[in-house]
Amino acid sequence: MVKFSKELEAQLIPEWKEAFVNYWQLKKQIKKIKLSRKPKQSSHYTDARSDFGRSLLDPLRKLAENFFSAREKPEIIQVRRKSSEDGDDDDEIYQTELVQLFSEEDEVKVFFARLDEELNKVNQFYKSKEADFLEKGESLKKQLEILAEIKQILSDRRRRNGSGSSHRSWSSSARNSDFSGSPGELSDSQSEASRTEEIIEALERNGVSFINSATRSKAKNGKPKMALRVDLPAPPPGTGPPRSISAVTSVLWEELVNNPRPGNGGGDYVNRKKIQCAEKMIRKAFVELYRGLGLLKTYSSLNMVAFTKILKKFDKVCNQQASSSYLAVVKRSYFISSDKVVRLMDEVESIFTKHFANNDRKKAMKFLRPQRQKDSHMVTFFVGLFTGCFVSLFSVYVILAHLSGIFSSSTQTSYMETVYPVFSVFALLSLHLFMYGCNLFMWKNTRINYVFIFELSPNTALRYRDAFLICTTFMTAVVAAMVVPLILRAAGFSPTQVDTIPGIFLLIFICILICPFDVFYRPTRYCFIRILRNIVCSPFYKVLMVDFFMADQLTSQIPLLRHLESTGCYFMAKSFRTHEYNTCKNGRIYRELAYVISFSPYFWRAMQCIRRWWDESNTDHLVNMGKYVSAMVAAGVRITYARESSSLWFAFVLVSSVVATVYQLYWDFVKDWGLFKPKSKNPWLRDELILKNKNIYYLSIALNFVLRVAWIETVMRFRVSPVQSHMLDFFLASLEVIRRGHWNFYRLENEHLNNVGEFRAVKTVPLPFREMDSDG
């Protein structure tokens, strides 16, 4: 039977852990009570047994005593409820007084004092979260009403345009739109204006403010002049939606109210797309609200069970019946007696089913309560199968390569220019997937909520078994594709035919990546493509956690991108037919592209920092941008030094690389990992640590430092032959991938602890319509 402490640890909400009942501290206090009772309890029972001895009627006598004592025994404790020190009647606190004296009175007083503290803590947290969710619920209802009014405007206009009853002529300018035509047309215009006025007044009652809504003027010709653009206040830094969302909202109103276009052409299509975007945002906000309400409901039930379990332990140790009276108080406390959360959940279910699921409750529940996929034993089986295949094929490859002399001086140039770049790409990618699988495994075991941090879908998020399956499948396919050319060479096939195999393998991989069918983890593949699009177009997209996290991964995969460059040039120049392998390397464009490719990941990451600074007005992002700029300079200097060896460039390499490395190490340890806190209770670390063994953090600091300075080898040039040079480059690239996978765990641990510190367990979804203050 699983102990409740382990069950509570497994079920509690990680971000709200500090707000739960401290069950473990209360258990320790009960142990203290038990230890203080032992000598007195043993002597008391010894005297009683020595006087009367044992009898067959003892069980009946004990049952009768318990029955009469339950009827006649007075209350052992008395729980008083009073207002808080702030004088707020709604914020009540509980305080327990001992009516009956205990032999270990001091320890019992401490226990009930701590129990009162936990009860008051749970009530206060529940009230604050409940008020927050209720406020969000009211805001979402207003958003839905505004959306319904906008849909009504568009529907009425579409109906009028379709019937041909309106003959108005709208001007192209939103600010100078006027009516022109016959008197009949003018009356239609006036009725349309009155209809617009009614809708605006209805929306203003819902909290939406308009520019010049109270002082709409007329033009010189006496015709109404409409200026009804929504006034969208700028949110405080880091709290509201990005400026792009506010801009979309204002454009929506410009299109709908200020500049409606006749006919059912492109204007209506644009309006429909914008309404769909706003509707999608509101739907997502409802889903997150429902998820938050469910978490709060779980919070209430788990704490109730915790109070019940700990009071039963107290009764068992003290041989008293204090749990019934205290549990009665707990059941009457706010976090149990309040039914606002349940009623709001029912209301959200009803609203979501009606407005977003066409009254299909089953469809609505798929959005509101997404089911996580269950772990399949088939995945574990295939991971083991492909791992065994990889080991076997790699052994075969080593034997065939040795027998065919593939690394001899006569054939090494051909092999290194055709096979090595392509298969190095997949080897590095597979290693990165393996490290990511290890990260997922560690995050799961340490209760780091990576699904929430990355804002992934719970039912399609990649799990560590799936990551290992993709990794082993890739590596098995890569080694198999490396064995096939050796077999074909031994069978007498021409080098031209054999050298096309790496290109075919790369083409198959690209086709699988963009395959539109729901096979081979399509949600993960498309999510990966979407994130890459956001990274490449960094300044034009709001930067999410998953975007800059993936961009950091790309900065560790520059050798992979360089291999893709050489492979693309090799096949586009048709070098596999002519076997002129220096065609690309001697070309000026190819040599210049090396700088572009080496700069690109750092440039994208720097652009993300600029965008985050623009959205959040936090200067730390600009300082972070400097880290990537220094890395770009160091990378460019190293490429130049590799081509033009001189003492001057050697000095430039040392200076730029040292500056970039110190910058990166500081940001790794202090900003990304949150370590080196000066007043931390854990020396050189931070106060909160997820891993119990502190020595692991010190070893991780040392390992990250060593792997960060691996660039020294590129300066010293410990190379003998071209084969050894390529192998050493691949080894260093693998070390950087391992360092990045090691870095990932502590980066997400720090992010998780930040969420825990602010009790963030639900995503904040930006809403399409901003509301003004009522007095503004």
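1. A residue counts as buried when its relative accessible area is under 20%. With that in hand, here is a good place to start on this predicted model: of the 776 residues of the protein, 42% are buried. The secondary structure comprises 29 helices and two strands. As for how the chain meets itself, take the contacts between residues at least 6 apart in sequence: 73% of them join residues at least 24 apart.

2. Phe20 is a nice residue to look at early on. You will find Phe20 in the loop that links helix 1 (4-11) to helix 2 (23-52). Is Phe20 buried or exposed? Its relative accessible area is 2%, so Phe20 is buried. Leaving aside residues up to four places away in sequence, Phe20 touches Leu12, Ile13, Glu118, Lys121, Tyr299, Leu302 and Asn303. In addition, 9.5 Å separates the C-alpha atoms of Phe20 and Leu119, although these residues lie 99 apart along the chain.

3. Ser350 makes a useful companion to Phe20. Ser350 belongs to helix 10 (residues 340-356), whereas Phe20 sits in a loop. The relative accessibility of Ser350 is 48%, and therefore Ser350 counts as partly exposed. The C-alpha atoms of Ser350 and Arg361 are 8.4 Å apart, with the two positions eleven residues apart in chain numbering.

4. On to helix packing, beginning with helix 25 (residues 620-643) and helix 26. The axes of these helices are 8 Å apart, and the packing angle is about 150 degrees. Angles over 145 degrees count as roughly antiparallel, which means that helix 25 is roughly antiparallel to helix 26. The crossing of helix 25 with helix 26 is left-handed. What kinds of residue make up this contact? They divide into 13 nonpolar, seven polar and five charged.

5. Helix 26 (residues 647-672) also meets helix 27 (residues 695-708), and there the axes come within 11 Å, crossing at roughly 155 degrees. Helix 26 and helix 27 are therefore roughly antiparallel to each other as well. Which hand does the crossing of helix 26 and helix 27 have? This one is right-handed, while helix 25 passes helix 26 with a left-handed crossing.

6. The residues at the meeting of helix 26 and helix 27 are worth picking out on screen. Helix 26 contributes Thr661, Gln664, Leu665, Asp668 and Phe669, and helix 27 contributes Ile701, Asn704, Phe705 and Arg708. By residue class, this contact has four nonpolar, three polar and two charged members.

7. Finally, a word on the cysteines. How many disulfides does the model contain? The count comes to zero. A disulfide here would need a pair of cysteine sulfur atoms within 2.5 Å. For Cys438, the closest cysteine sulfur is that of Cys471, at 8.6 Å, which is too far for a bond. Looking from the other side, Cys471 has its closest cysteine sulfur in Cys438, again at 8.6 Å and too far for a bond.

8. The two cysteines can also be compared by their surroundings. Cys438 has 26% relative accessibility and so counts as partly exposed. Cys471, at 7% relative accessibility, counts as buried.

Note on methods
Residues numbered from 1 in each chain as written. Predicted model: local features only at pLDDT ≥ 70, side-chain atom pairs only at ≥ 80, totals over all residues. Heavy atoms only, no water. Axes fitted to C-alpha atoms, helices over the stretch in contact; angles between N-to-C directions. Helix = DSSP H or I, 4+ residues; strand = E, 2+ residues; numbered from the N terminus. Parallel < 35°, antiparallel > 145°, perpendicular 65-115°, else oblique. Left-handed = near helix turned anticlockwise from the far one by under 90°. Contact = heavy atoms within 4.5 Å. Nonpolar A, V, L, I, M, F, W, Y, C, P; charged D, E, K, R; others polar. Buried < 20%, exposed > 50% of the residue type's maximum accessible area, 1.4 Å probe, protein only.
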